Amino acid sequence: KKITVALLCAVFGSSLYADNKPFIGLETGYATVQGDVGYVLPGVPLRDYEGSDVEYGIRLGLQNEEWRTTLSYNYFDSTSDGHKQNYEKSLISVDYFILNKIDNPLKPYIGANVGYVNYESTDNIEMNGAIYGVQAGLIYSVKDKIDLDLMYRYSLSNATQDDRDASLDHIGSIVFGLNFEF
């Protein structure tokens, strides 16, 4: 709860900075999701589900020379070795541009994210819960109003399904984005 409150304060706080530029964007990437079903011993999963596939998303945000705040929605659907997994997640991200004083089209950044995930898997597993994590990346300004974005995002989750002793552990994604300022 403390992380959520801190990030929401940062989101609303960043919208108060002068010279904010709104943007909308699309993203796609390669994601790996890890879920567990049951435990043999505490901390030792009975069955580990890991799937990797393409993730798609949209984003909306505000940015200036120092900060970027983004709302995003992502969808993932994977079938590997007869096991199906999919998720939908909504995130609020806050990024800080590390080298913001240099007039350069490349802008590296680090950031944090928090949100909500709906995860479904074979064996009638369906769970919802919070998701939170970190990210780092690089933005390249192609033109005055168009940015290319390459990032790595790692998020942990507290989503569980108690009657199945199932949990969603983490999601890692390499994401490519295209942002249009308006």
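**Cores, strands and surface of a predicted model**

Reader: What makes a group of residues here the largest nonpolar core, and which members touch the most others?

Author: The largest nonpolar core has 15 residues, of which Val-33, Tyr-87, Val-117, Tyr-119, Met-127, Leu-168 and Ile-171 touch the most other members. The name applies because a nonpolar core is a set of buried Ala, Val, Leu, Ile, Met, Phe, Trp, Tyr and Cys residues joined through side-chain atoms within 4.5 Å. At least two residues of this core come from each of β1 (21–41), β4, β5 (106–121), β6 (125–143) and β9 (166–181). A second, separate core has 5 residues, among them Phe-97, Tyr-109, Ile-139 and Val-175.

Reader: On what basis do these statements rest?

Author: The model is predicted, with local features needing pLDDT of at least 70 and side-chain atom pairs counting only at pLDDT 80 or more, while totals for chains, interfaces and linings use all residues. Residues are numbered from 1 along each chain as its sequence is written, and side-chain values use heavy atoms, with hydrogens and water left out.

Reader: How do you know which elements the chain has, and in what order do they run?

Author: Helices (H or I, at least four residues) and strands (E, at least two) are DSSP runs numbered from the N terminus. By that rule the chain has 1 helix and 9 strands, and from the N terminus on they run α-β-β-β-β-β-β-β-β-β.

Reader: Why is Asn-86 called buried or exposed?

Author: Buried means under 20% relative accessible area, exposed over 50%, and partly exposed in between (1.4 Å probe, protein chains only). Asn-86, which is placed in strand β4 (residues 83–97), has 12% relative accessibility and therefore counts as buried. Leaving aside neighbours within four places in sequence, Asn-86 is in contact (heavy atoms within 4.5 Å) with Tyr-75, Phe-76, Asp-77, Asn-118, Tyr-119 and Glu-120. Of the 182 residues of the chain, 42% count as buried.

Reader: What makes β5 and β6 a pair, and in which sense do they run?

Author: Two strands pair if DSSP finds at least two bridges between them; β5 and β6 have 16 bridges, in the antiparallel sense, and therefore qualify. One of the bridge partners is Ala-130 in β6, which faces Tyr-116 in this pairing. The hairpin of these strands has 3 residues between them, and Asp-123 there takes a positive phi near 65 degrees. β6 is also joined by 12 bridges to strand β7 (residues 146–157), again antiparallel, with Ser-157 in β7 as the bridge partner of Ile-131, and β6 and β7 form a hairpin with 2 residues between them.

Reader: Thr-122 is in the loop between β5 and β6, but how is its accessibility classed, and why?

Author: At 24% relative accessibility, Thr-122 lies between the two cut-offs, so the residue counts as partly exposed. Not counting residues up to four places away in sequence, Thr-122 touches Tyr-49, Gly-82, His-83 and Lys-84. The C-alpha atoms of Thr-122 and Lys-84 are separated by 5.5 Å, although these residues are 38 apart along the chain.

Reader: Why does Leu-60 count as buried, partly exposed or exposed?

Author: Leu-60, in strand β2 (residues 44–63), has 44% relative accessibility, a value that falls between the cut-offs, and so counts as partly exposed.
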